[in-house]
Every structure is written in C-alpha cells, then in structure tokens.
Amino acid sequence: MSNRHRAREVALQALYSQAIPTALDPHETAMEIRGYFEHFKVPEEVREFAALLIAGTLQKQAELDPKIEAHTHNWRMSRMAVIDAWLLRMATYELAYCSDIDASVTIDEAIELAKSFGAAESPSFVNGVLDSLRTELGKK
C-alpha cells in the first residue's frame, strides 16, 4: 500500500469519525490533527498528505458540498451515507486543489476507499459523481 493511499485512508477515517472539529481556527485544527495522528500512531511519512486532505476538506466544505450536490441527481449531502459524503468531499477537494495529482488517480483511489469503507453501491455512486465533477473541472 502506498503512503498516499494510506494517507487517504487516515484522512477519511478522521473526517468520518469527526475527530477533527470543523469550527476550529487553522492553528487549532493543526493541533487536533497532530493529536489524532499521535493517538492512532500514524506513520510520519503519511501525515503530511493526510493533514492536507483533512484540513483542506474541512476548510472548503461549504464550497465543496454544492459542487457535489450539483452532480448527484437530487441527492442532498444530508441524505447520503456519512462515509460516502466525506469521501466525496475529500476526493472533490483533491480534484479541485491538488493539481499535482492526476484526476484518474484521485477517482481510482476514491473508488477503492468506497469499496473498503462504503456500502455495496458506494463505488459506482462515487465513480459517477467524481467522473461528472472531473468533466466540470476540466480535468483529464
């Protein structure tokens, strides 16, 4: 398993568990993330990318949710399975703000995480939404 894959798993688990409160200022968020990593003994080589995904997803959540909902065919974020919602937020953040990562890699990783943590229909749902978002964002 690659470090980035492990970082995505760690970030998704932190977001899902809401271990990092969303109403904190950036300094407090960084402290909470550091505490989460220490508590769960997250390897050092995984922490930087996981922290980027956690903090970025939380910081941009209000912007990400409407983008996602525009591609879910009348599914509101509040109606989605919690794990699917956080996974879509995190992957959408990565698509929109991590220009050094190919969109196909982001989508493939999100599908794999959906297979591991979501319901039976999660991988196809996540794939459909993210593929549609990729087109909107002009990603290849």
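What joins the side chains of D65 and R89? A polar contact of 2.6 Å does so in this predicted model. The legends below start with the whole chain and then take the close-up views in turn.

**Figure 1. Overall fold of the chain, an arrangement with 6 helices and 0 strands.** Read from the start of the sequence, the pattern is α-α-α-α-α-α. The radius of gyration is 14 Å, close to the 14 Å that the globule rule gives for 140 residues, so the chain is as compact as a globular protein of that length. Along the principal axes, the C-alpha atoms fill a box of roughly 40 × 30 × 30 Å. Buried residues make up 45% of the 140 in the chain. Of the contacts with a separation of 6 or more, 68% are between residues 24 or more positions apart.

**Figure 2. The largest nonpolar core, which has 41 residues.** The members that touch the most other members are F37, I54, I68, L87, M90 and L130. Two or more core residues come from each of α1 (3–17), α2 (26–39), α3 (44–69), α4 (82–97), α5 (103–117) and α6 (122–136). The helix that gives the most is α4, with 9 residues. In soluble globular proteins, nonpolar side chains tend to be buried together.

**Figure 3. Surroundings of M90, one of the core residues that touch the most other members.** Neighbours within four places in sequence are left aside in this view. The residues then in contact with M90 are R8, A11, L12, L15, L53, T57 and L113.

**Figure 4. Helix α3 and its kink, centred on Q61.** The kink is of about 75°. At 1.5 Å a residue, the 26 residues of α3 should span 38 Å. The end C-alpha atoms of α3 are 35 Å apart, which agrees with that expected span.

**Figure 5. D65 and its contacts with M77 and R89.** D65 is placed in helix α3. Its relative accessibility is 14%, and D65 counts as buried because the cut-off is under 20%. Not counting residues up to four places away in sequence, D65 touches M77 and R89. With R89 there is also the side-chain polar contact of 2.6 Å.

**Figure 6. E136 of helix α6 and its polar contact with H71.** The side chains of E136 and H71 are joined by a polar contact of 2.4 Å. These two residues are 65 residues apart along the chain, and their C-alpha atoms are separated by 9.6 Å. Leaving aside neighbours within four places in sequence, E136 is in contact with K67 as well as H71. The relative accessible area of E136 is 45%, so E136 is partly exposed, since this value lies between the 20% and 50% cut-offs.

**Figure 7. R34 in helix α2, shown with V10.** R34 has a relative accessible area of 41% and is partly exposed. In sequence, R34 and V10 are 24 residues apart. In space, C-alpha to C-alpha, R34 and V10 are 12 Å apart.

**Figure 8. K41 in the loop between α2 and α3.** K41 has a positive phi of about 50°, although K41 is not a glycine. With a relative accessible area of 69%, K41 is exposed, because exposed means over 50%.

Methods
Residues are numbered from 1 along each chain as its sequence is written. This is a predicted model: local features need pLDDT of at least 70, side-chain atom pairs count only at pLDDT 80 or more; totals for chains, interfaces and linings use all residues. Side-chain values use heavy atoms; hydrogens and water are left out. A nonpolar core is a set of buried Ala, Val, Leu, Ile, Met, Phe, Trp, Tyr and Cys residues joined through side-chain atoms within 4.5 Å. Buried means under 20% relative accessible area, exposed over 50%, partly exposed in between (1.4 Å probe, protein chains only). Helices (H or I, at least four residues) and strands (E, at least two) are DSSP runs, numbered from the N terminus. Contact means heavy atoms within 4.5 Å. The expected span of a helix is 1.5 Å times one less than its number of residues. The bend at a residue is the angle between axes fitted to the seven residues ending there and the seven starting there. A polar contact is a pair of N or O atoms within 3.5 Å; within protein, one must be able to donate a hydrogen and the other to accept it, and residues adjacent in sequence count only if both atoms are side-chain atoms. The radius of gyration is taken over C-alpha atoms; the globule rule is 2.2 Å times the number of residues to the power 0.38.
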